[in-house]
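User: I should like to go through this model with you, one question at a time. Please give the reasoning behind each reply and finish on the value or name requested.

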Amino acid sequence: MRLQRLLLGAVAAFALSAFSISGTMAQPKPIKIGFSMALTGGLAGAGKAALIGMEIWRDDVNKKGGLLSRPVEFVYYDDATQPANVPGIYTKLLDVDKVDLVVSSYGTNEIAPAMPIVMRKKLTFPSLFGLAVNDEFKYDRYFQIMPAGPEPKTDWSKGFFELALQQKPQPKTVAIVAADAEFALNAAAGARTNANKMGFQIVYDKTYPPSTTDFTPIVRAIQATNPDIVYVGSYPPDSTGMVKAANEVGLKAKLFGGGMVGLQFAAIQKNLGPLLNGVVNYDFWVPEPTLNFPGVKEFLAKYQEAAKGKGVDPLGHYLPPYAYAYLEVLGQSVVAVKSLDQAKIAAHMHKTTFDTVVGKVKFGANGEWAKSRVLMVQFRDVQKDNLEQFAGPGKRVVLYPKEWKSGEIVYPYKQ
Amino acid sequence: MKSAAFWGSLLALLAAGLALTEAFENEYYFNALYLILQGTLMAVAWNVLGGFTGYVNFGSAGFFAMGAYTTVALNKAFGLPLPLLILAGGAVGGLVGLGLGYLTLRLKGVYFAIATLAMAIVIETLVNNWSYVGGAKGSYLLTPEEYLWFKSYIQMLFIVMLLLTLAAVAVSRMLSASRLGRGLAAIRDDEVAAECSGVPTLRLKLISTTVMGAMMGVAGAPFPFFVTFVDPVSAFNLFIAVNAIAMPMIGGTSHWIGPVIGALLVGSTQEVVKVTVSSELNVLIVGVMLVVFITLAPQGIVGLARKYWRARPS
Amino acid sequence: MLSADLLANAVVAGILLGGFYAAVALGLAIVFGQLDIVNIAHPAFVIVGSYIAYILNSRFGFDPVLIGFAAAPVFFFVGALIYRVYFLAFERTGQESLSGLAFFFGVMFIIEVSLILVYGVDYRLVQAEYIGQTWSIGFVDLPLRMLVPFAMSVALTAGIYLYLSRTFMGRAIQAVAQDRLALQLMGANPVRVKQWAFGLGVATAAIAGAMLIIIGPVEPSVGRLYIGRAFAIVVLGGMGSIQGMFIAALILGVVESMVSTFVGPSWSPAVAFGVLALTLALRPAGLFGR
């Protein structure tokens, strides 16, 4: 009799607890990650590509059961590449949508306006490609996934000048030219500092308005000063213009390139083709054997599939892997500290070396990478009108830093 | 609108704004309202020259940015408090407006509009090359440490913008009802005839451009604190210029309340779309609203209302 | 610094660039210069032309300039249609100028967003044999990427100029803005004439767009950069004067090029628009204005 009652009680207790467990397990509250992203406007090409990379991360994580056994959801709005939209969006995300975690939009102009808000709420803020934003704010929970290095403004161009120093005979004069816009000017300022520190003589140092149509007068003016090396800070349309003009004018420089955004984008690489040969430019990831990090090839395959027909970069080598990575470090931290506590997450992010699709990531005290990994890459053997050649190694050889080097420089820059 | 009713409504709106800051901590609404109010202020300012006087200003972004960059420069140099920065922004905007008036003495219609566009581009190039305020690199402005009794600085900025907008509406109304306003309307309708009737057209035009410039400078002055990072691209934005024209046109340019209605309608729609539909469609909204309203209601909402009242049996 | 080589090349580069600017401003010179219609959406039509050139060039490999000329008749019809709407909504009721301006602002945004929705915001470029080649005459370089658009622009401008001055329709277009009543008395329908002119203006956008994408990469918002330049050129040249517009475009191109080479590129826009502002202050009718 007692055994029967005991059994009945056990079954009842079991049923009750199973009921309640299944009740909560049926609807686990999702973890909401909020952000704004440039889906229209000047940076939309990159923003949309980044979003695709981020969604792949979300799907990968959810396939494995989510974070802390909860599914991950995104809440995001288009900031239209307008800084004025960012404060409103982030306050909506935090105060109305009540997201659990935030990450940044893409680009300095879109990251900076969110800083005061996340600082006041003491949130951990993984950021996507903004140059030296934290120099102004000095926020201890800011983390920048762009591998510029602890001193972003100078680390950016250091490799270019160090490569120049290694050549014999050593080049003496440098021309610096940049677009009149945030990133390019910062890159040029860093180049100036590096040039002075390393003993180069600056013979040309001017900027141009981004609306410039024809670059031949500028390249000619540069040529007239006979520089040994030419450092350019530019955005996609002007990068294209400069490369084309350099070829048309027949620029005779020993080293050409440096900080040209856009030469990492598939459509532009395809169009410029052999005109790119010899150019030494920055990049963050190229399909060279030295950079074959675990997971990156699988990620790119998924990205390239998802990017079809969306009007974004078809290869996705530049921004998407880092968009995946800045969520990876956040997600791994959440799992490691087993909570959504911002302080714990930030502390973990500061002291850990993460394994991501872009390799090992370690943040320094100011939120930038502890060690710079701005690659100096040289275009080689590029054929005309061929997109697929860029999918594999050999066309963008890594020259610097030493630990990622995959080939020797072809010097001087030949047309 | 009768005086008492008008001033009463202004005070009521101010009180409502203050009540809002007490009731809500949620910052998002204040961010959105700030932008709507900024748009209203710009629309009211534009209408002083555009609707009242009949001169179309394409370069509104130039005046706005002057106000913003005056704040950046003075804040960096002297660390002035916000009210003084606003006064300075207004003064600079007004001076530039006065200058514009002088330089464009003989220009009418579309020539004047092109001149304003040229002026905005020249100012933008000057700012781009002015390294003290960061040039094209942009400038960071840390948000104000003090925000009086409010719960956050965005609440304070919201109340500031509310005050400025209400003041501008009051000025606009005073202008339109005054002798000055009648002179402006005469210029708008037929400048030559006005000149012949003894209206001091030059003086009135100068007053008009100065008032417009000052109001737009005032609208731009708190902007750096709102957005924290200012660069010429975002300050000299095409949208600021387009909204400044679109809002009064949709609301109706002939009456002082037109730009207010237009700004509230278009501004709210933009804010709502920003956080619901999002994406390219934001820009489409402005385009479609403009085309639809201008085609179907060329006199704006005010014009529609007037037609409706006239059509009603008395 | 001031060598003959550098100077000559700066001037030549400026001329080539100015020729291209003229192609963009040509449509506006017809529509705004002759008809006083403030079509601020004209650069947006040029961008559509660029995209048409891109699509057919990347799909079939056709030469962009040929695509431009082939697309021009289609643009003509679209232009005529848009004018119809504009006329019915505004000109008939006498509401033009400000309302027309706002209308075209709206059209500009709608075009831009439609392009974004369909093609995204990635930069588009075209391929052609002559892009990248350079001819040299002595120490003067003529990159074909700039020379071909220049030559096309000269041909186009000359063609439009001759059309306006030699044919009946052309002269009717010139007349309709000057004296509408007289035109009616001479038996031409002013509305049809204006419609024809507007279509012509938009048709030139197809060709200008092809030129634009030969010179450099294009994405939907690039049109905004040309609004100021196009209007400045028409006003500087003088309303109603095609040859004035061309000269003004060359002046603008050369000024930009010289400032870029010898002073510093960042001052080019200020100088160019300063020239415009000065002209408006001293001689509002422009160089050849009526």
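User: How far apart are the mean positions of the positive and negative charges of chain A?

Analyst: The model is a predicted one. Chain A carries 46 positive and 37 negative charges. The mean position of each set was taken, and the separation between the two is 5 Å.

User: What share of the residues of chain A counts as buried?

Analyst: Chain A has 415 residues, and its secondary structure comprises 14 helices and 14 strands. A residue is counted as buried when its relative accessible area is under 20%. The share of chain A that counts as buried is 64%.

User: Which part of the accessible surface of chain A belongs to carbon and sulfur atoms?

Analyst: The C-alpha atoms of chain A fill a box of roughly 105 × 40 × 35 Å along the principal axes. The accessible surface of the chain amounts to about 15,000 Å². Of that surface, the part belonging to carbon and sulfur atoms is 58%.

User: Is Val279(A) buried or exposed?

Analyst: Val279(A) sits in the loop between helix H11 (266-272) and strand S10 (280-283) of chain A. Beyond its neighbours within four places in sequence, Val279(A) has contacts that include Phe256(A), Leu263(A), Phe379(A) and Tyr413(A). Because the relative accessible area of Val279(A) is 0%, and the cut-off is under 20%, the residue is classed as buried.

User: What distance separates the C-alpha atoms of Val279(A) and Thr207(A)?

Analyst: Along the chain, Val279(A) and Thr207(A) are 72 residues apart. In space, their C-alpha atoms are separated by 20 Å.

User: Which side chains meet in a salt bridge across the interface of chain A and chain B?

Analyst: The contact takes 30 residues from chain A and 29 residues from chain B. Together the two chains bury about 2,700 Å², with 60% of it on carbon and sulfur atoms. The rule finds one salt bridge across this interface. With an N to O distance of 2.7 Å, the side chains that meet are those of Arg120(A) and Glu27(B).

User: How many salt bridges does the rule find across the interface of chain B and chain C?

Analyst: Chain B and chain C each give 36 residues to their contact. The area buried between them is about 3,200 Å², and carbon and sulfur atoms give 84% of that area. For this interface the number of salt bridges found by the rule is zero.

User: Where is Pro169(A) found, and what is omega for the cis peptide bond that joins Lys168(A) to it?

Analyst: Pro169(A) is found in the loop between helix H7 (152-166) and strand S6 (173-179) of chain A. The peptide bond joining Lys168(A) and Pro169(A) is cis, and omega is about -5°.

User: Which residue follows Tyr400(A) across a cis peptide bond?

Analyst: This bond has omega near 0°. The residue in question is found in the segment after strand S14 (396-400) of chain A. The peptide bond from Tyr400(A) leads to Pro401(A).

User: What is phi of Lys138(A), and is the residue buried or exposed?

Analyst: Lys138(A) lies in the loop between helix H6 (134-137) and strand S5 (142-144) of chain A. Its phi is near 50°, a positive value in a residue other than glycine. Since its relative accessible area is 67%, and exposed means over 50%, Lys138(A) is exposed.

User: What is the relative accessible area of Asn226(A)?

Analyst: Asn226(A) is placed in the loop between helix H9 (216-224) and strand S8 (229-234) of chain A. Phi of Asn226(A) is positive, near 50°, in a residue other than glycine. Asn226(A) is exposed, and its relative accessible area is 56%.

Terms used:
Residues numbered from 1 in each chain as written. Chains lettered and ligands numbered in written order. Predicted model: local features only at pLDDT ≥ 70, side-chain atom pairs only at ≥ 80, totals over all residues. Heavy atoms only, no water. Helix = DSSP H or I, 4+ residues; strand = E, 2+ residues; numbered from the N terminus. Buried < 20%, exposed > 50% of the residue type's maximum accessible area, 1.4 Å probe, protein only. Areas by Shrake-Rupley, 256 points an atom, 1.4 Å probe, with all protein chains shown as cover. Lys, Arg positive; Asp, Glu negative; His and termini not counted. Charge placed at Lys NZ, Arg CZ, Asp CG, Glu CD. Contact = heavy atoms within 4.5 Å. Buried area = accessible area lost by both parts, 1.4 Å probe. Salt bridge = Lys/Arg side-chain N within 4 Å of Asp/Glu carboxyl O.
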